[in-house]
Amino acid sequence: MLHSLCTNLRPIKTLPPTEFALFLHKFSTNNTMQFSKPIRAETTVHQVPGFCSEEIDRIAEQTFRRYTAESLPKRKGKGVAIVWFRNDLRVLDNEALLMAWVSSEAVLPVYCVDPRLFSTTRYFGFPKTGGLRAQFLIECLADLKKNLMKLGLDLLIQNGKPEEILPSLAKAYGVHTVYAQKETCSEELNVERLVSKSLQKVVLSSSKGQSVKPNSTNSTKLELIWGSSMYHIDDLPFSCNSLPDVYTQFRKSVESKSKVRSCIKIPTSLGPAPSIKDWGCIPEITVLGLEKAKVGKGLAFVGGESAAVSRVCEYFWTKNLLRTYKETRNGMLGPDYSTKFSPWLASGSLSPRFIYEEVKRFERERESNDSTYWVLFELIWRDYFRFLSIKQGNSIFHAGGPRKVEANWSQNPTLFDAWRNGQTGYPLIDANMKELLTTGFMSNRGRQIVCSFLVRDMNIDWRMGAEWFETCLLDYDPCSNYGNWTYGAGVGNDPREDRYFSIPKQAQNYDPEGEFVAYWLPQLRVLPKEKRHFPGLLYIKPVVALKFGNTKTTNNKTMGSGTRTTADENRWKGRKGNRTQ
């Protein structure tokens, strides 16, 4: 759903190797005798966005100017306020940042590199953050620091838990309030509680310089600001506990009864910052316990708010692709079939309200059609999952989901490894999983297909898939990830979303010539197009039979069924991560 709202771009132009790859791509198209197609398939990298760094900075500067207000309310605050950056790594449309500025004489921006973000998942012990997303986060922090410095501030980066770092800073600098974006899921809510409890113990000096016992008037406060959705939570026509169980009902209600708020403007300067001797460094990925990851094929996303607004500019205004989004959104290959906004939305580098305003500007200045509306339709899906996580709580992480469905899921490690490594014997599944491993991204269509295959054809516990996506995806956020997986597994709150995706049908509809599978599985390119999806003995033997829609292959007699065994269960016993259930 929302994932289709996220991708597009031109190939890298500033890197000589990529230029050479593009040359091979064009040359081999017209000169098939000189270059084989596998060479083209194996060397193409598309940077997202496709601008050089200078152009990204230029677009970001222009965008910031449009959202800078010359006449904001006069700054009347006193003392120091902290803005604690979490999943809101941006300057534009950041109400927590603005409130910290308005309420103080000096703003201290802080990001805590929380070790819990790099531990393991709850049930199956996968890394909570993989190398590709960690690298993307590092780029987001570097860009945020740069943009804050342009506005007279900086970003203090410290390693450790927020509930330990923030009280220490509050005491050292006499901070009256810590402002932060409000989150909705259990791990994030637990950190908020711990930070609030720790801040209550901080005793601020009185006007006479005397310390007294902490109370509600002389201790540092935690002020949580809603800022992660397109529709503000306070503007919904119902409480989150009364949220409709069907998306269409939710969408029609908010579209008719709610209004999207305008983006928050920023002042020309956010300074001064407190006097800090050591602002800390952008963390190296090895310090996080991960190996440096570099995309060598497919889509290479650039982290940070500057890249995010440049991507919006590129997709909407430079390439004019918004006008055809609805027709192309179910594609799987290349940068231009969808917006590719999701990694920046997940990190908070891009505001959904900014996208909304750009869509409305496009409709005024160029064209209004089903495609322009459909981008907003997808953003409403994203909102829905976020609000639904409040209503459903930890049930979105449980095997039975919000509806408490009882199912005899398998946890067969051999089958699961075949799925996650792209070795199932079904090219459409394997190509999508190879893309995820290589780039940290997968199309919306691909996500639905591999989810259906894991839970319907393999009968594997959907939480294994959800946790593996948590590890790998650049655009991971708990609300959208687990919301989509509960729907895909048929345990979500709307049983009508319980669908089976037939691989033969999906292949015919969305990759009819096998170009996608041939790109990620180059050994298939030599085959006739009609054979690429079901190559028989010319490819890996399928690990399971399809539940429905089996095709004519010579291997069906040897296909396993994917049932649970005692040994399978033992492999996962005792593995626990940090998500509170």
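Is Cys240 buried or exposed? At 9% relative accessibility, Cys240 counts as buried, because the cut-off for that class is under 20%. The model described here is predicted. The points below cover its cysteines, its aromatic pairs, charges over rings, two cis peptide bonds, two residues with positive phi, and helix 14 with its two ends.

**Cysteines**
- Cys451 is a buried residue, with a relative accessible area of 6%.
- The number of disulfides in the structure is 0.
- A disulfide is a covalent bond that joins the sulfur atoms of two cysteines.

**Aromatic pairs**
- Across the whole structure, a search gives 37 aromatic pairs.
- In the pair formed by Trp381 and Tyr384, the ring centres are 5.9 Å apart and the planes stand at 70 degrees, so the pair is edge-to-face. The cut-off behind this label is an angle over 60 degrees.
- Both Trp381 and Tyr384 belong to helix 13, which covers residues 370-392. They are 3 residues apart, about one turn of the helix.
- Trp381 counts as buried because its relative accessibility is 6%, and Tyr384 counts as buried at 0%.
- Trp381 and Tyr384 are also members of a cluster linked by ring pairs. The other members are Trp226, Phe238, Tyr247, Phe250, Tyr373, Trp374, Phe377, Phe385, Phe387 and Tyr487.

**Charges over rings**
- Arg122 is placed over the face of Tyr123, 5.9 Å from the ring centre.
- Lys297 is placed over the face of Tyr519, and here the distance to the ring centre is 4.8 Å.

**Cis peptide bonds**
- Val48 and Pro49 are joined by a cis peptide bond, with omega near 0 degrees. Pro49 sits in the loop that runs between strand 1 (45-48) and helix 3 (53-66).
- The peptide bond from Gly271 to Pro272 is cis, with omega about 5 degrees. Pro272 sits in the loop between helix 8 (247-257) and strand 7 (298-301).

**Positive phi outside glycine**
- Asp93 is a residue other than glycine with a positive phi, near 50 degrees. Its place is the loop between strand 2 (80-85) and helix 4 (95-102). Asp93 has a relative accessible area of 4% and is therefore buried.
- Lys340, also a residue other than glycine, has a positive phi near 65 degrees. The loop that holds Lys340 lies between helix 10 (325-328) and helix 11 (342-347). With a relative accessible area of 0%, Lys340 is buried.

**Helix 14 and its ends**
- Helix 14 spans residues 413-420 and is mostly covered, with 6 of its 8 residues buried.
- The buried residues of helix 14 are Pro413, Leu415, Phe416, Ala418, Trp419 and Arg420.
- At the N-terminal end, helix 14 is capped by Asn412. A side-chain oxygen of Asn412 lies 2.9 Å from the backbone nitrogen of Thr414.
- After helix 14 comes Gly422, which has a positive phi, near 70 degrees.

Key
Residues are numbered from 1 along each chain as its sequence is written. This is a predicted model: local features need pLDDT of at least 70, side-chain atom pairs count only at pLDDT 80 or more; totals for chains, interfaces and linings use all residues. Side-chain values use heavy atoms; hydrogens and water are left out. Rings of Phe, Tyr and Trp (its six-membered ring) pair if their centres lie within 6.5 Å; planes under 30 degrees apart count as stacked, over 60 as edge-to-face and the rest as tilted. Helices (H or I, at least four residues) and strands (E, at least two) are DSSP runs, numbered from the N terminus. Buried means under 20% relative accessible area, exposed over 50%, partly exposed in between (1.4 Å probe, protein chains only). A charge sits over a ring if NZ of Lys or CZ of Arg is within 6 Å of the ring centre and within 35 degrees of the ring normal. A disulfide is a pair of cysteine sulfur atoms within 2.5 Å. A polar contact is a pair of N or O atoms within 3.5 Å; within protein, one must be able to donate a hydrogen and the other to accept it, and residues adjacent in sequence count only if both atoms are side-chain atoms.
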